[in-house]
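Let's take a friendly walk through this structure, from the whole chain down to single residues. Have the viewer open as you read.

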Amino acid sequence: MNDTTFKRRKNITIALPKGRLLESVLPILTAAGLKPEDEFFDGKSRRLEFDTSDPDVGLIPVKPFDVATFVAFGSADLGLVGADVIHEFGYEEIYIPVDLGLGHCRLSVAATPEVASQPMEHLSHLRIATKYPNLTRNFFAQKGIQAECVKLNGAIELAPKLGLCPYIVDIVTTGNTLKANGLVEMETILEATSRLIVNRNSFKTKSERLGHWITAFQAAVDDKAKAA
Ligand code: PRP
């Protein structure tokens, strides 16, 4: 971004994923030495930027898919996000120095038991509901199948039941959501954990500060692994 009128509140901005993932990454943030200000935990607050125990560092909690975008465009220097989201966008501006070892999940193809029992290999075209159209198209292209993706932003498991698409590609953690909606897992596209990501340009211009935080996150991950 070349807009010279743009002024950052903080030298370092970290994008965090809102929702379920936030709970799993907060202990690592704290262990790395960053305590969010109290209002960060107030669900009623309408603020979008928060201070931390380090006056140099601010936090922006955003939708998990947007963490990668804020970091890729340099609006945040660092981000905590799942490898599934990183691979879906494939931004070249992002460097991935630390595997946080959290949020283990997989991106899988699923369908009703009737559909899943039919071999896919003879098909040339499939309709699939997903939040991950790029990963889905690439996965099926390797099998010589053209995937027509219907982009949904949540509740993907409803699609087969309501006749939107016979197949879905979505995140599976425990498998409970698939089971509760009468779907079976067919194939795994990728296994994922949460990662620390860095904007490559920020890393060049703020190498000392960002290097400090990369080391702090890696140390927090290592300490957690030792304690387990
Ligand atoms: C995710 C994912 C699945 C579910 C899988 O949804 O999209 O629906 O978790 O978890 P499970 O295997 O442990 O049941 P999330 O709750 O993040 O909400 P979403 O439907 O808005 O994507």
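The report below starts with the overall picture and then turns to two helices, a sheet and the ligand.

## Overall picture

Please keep in mind that this is a predicted model. The protein has 228 residues, of which 43% count as buried. Its secondary structure consists of nine helices and 11 strands. Along the principal axes, the C-alpha atoms fill a box of roughly 55 × 40 × 35 Å.

The accessible surface adds up to about 12,200 Å², and carbon and sulfur atoms hold 52% of that. Among contacts with a separation of 6 or more, 67% are between residues 24 or more positions apart.

## Helix α1 and its cover

Helix α1 spans residues 20-31, and its buried residues are Leu22, Val25, Leu26, Ile28 and Leu29. An α-helix has 3.6 residues a turn, so residues three or four places apart point the same way. You can look for that spacing in Leu22, Val25 and Leu29, all of them buried.

What covers these buried residues? The cover includes the strands β1 (12-17), β3 (57-62) and β4 (78-82), along with helix α9 (207-227). After α1 comes Gly33, which has a positive phi near 105 degrees.

## Trp213 in helix α9

Helix α9 contains Trp213. Is Trp213 buried or exposed? Its relative accessibility is 5%, under the 20% cut-off, so Trp213 counts as buried.

Leaving out neighbours within four places in sequence, Trp213 contacts Ala32, Gly33, Leu34, Asp54, Val57 and Leu78. One of these partners, Ala32, is 181 residues away along the chain, yet the two C-alpha atoms are separated by 7.5 Å. Gly33, the residue with the positive phi after α1, is also among the contacts of Trp213.

## The five-stranded sheet

Next comes an open sheet of five strands with mixed pairing, in the order β8-β7-β9-β6-β10. Its edges are β8 (146-151) and β10 (184-192); each has a single partner strand, so one side of each has no neighbour in the sheet. On average, neighbouring strands are turned by 30 degrees against each other, direction ignored.

Strand β7 (residues 125-130) runs parallel to β8, and six bridges join the two. Within this part of the sheet, Leu126 stands opposite Ala147 of β8. Helix α5 packs on the sheet and touches β6 (105-111), β7, β8, β9 (167-172) and β10. The direction of α5 makes about 165 degrees with that of β8.

## Thr136 in helix α5

Helix α5 covers residues 133-141 and includes Thr136. How accessible is Thr136? Its relative accessibility is 0%, so Thr136 counts as buried.

Which residues does Thr136 touch, not counting those up to four places away in sequence? They are Ile128, Thr130, Ala147, Cys149 and Val169. Ala147 is thus a contact of Thr136 as well as the residue opposite Leu126.

## Around the ligand

The ligand is surrounded by 13 residues, and the closest are Arg20, Glu157, Asp170, Thr174 and Thr177. Several side chains come within polar reach of its oxygen atoms. For Thr174, a side-chain N or O atom is 2.5 Å from a ligand oxygen. Glu157 has a polar side-chain atom 2.7 Å from an oxygen atom of the ligand, and for Lys131 the distance from a side-chain N or O atom to a ligand oxygen is 2.8 Å.

On its own, the ligand has 490 Å² of accessible area, and the protein covers 72% of it.

Note on methods: Residues are numbered from 1 along each chain as its sequence is written. This is a predicted model: local features need pLDDT of at least 70, side-chain atom pairs count only at pLDDT 80 or more; totals for chains, interfaces and linings use all residues. Side-chain values use heavy atoms; hydrogens and water are left out. Buried means under 20% relative accessible area, exposed over 50%, partly exposed in between (1.4 Å probe, protein chains only). Helices (H or I, at least four residues) and strands (E, at least two) are DSSP runs, numbered from the N terminus. Contact means heavy atoms within 4.5 Å. Two strands pair if DSSP finds at least two bridges between them. Axes are lines fitted to C-alpha atoms, for helices over the stretch in contact, and angles run from 0 to 180 degrees between N-to-C directions. A residue is near a molecule or strand if one of its heavy atoms lies within 4 Å of it. A polar contact is a pair of N or O atoms within 3.5 Å; within protein, one must be able to donate a hydrogen and the other to accept it, and residues adjacent in sequence count only if both atoms are side-chain atoms. Accessible areas come from the Shrake-Rupley method with a 1.4 Å probe; for residues, only the protein chains shown count as cover.
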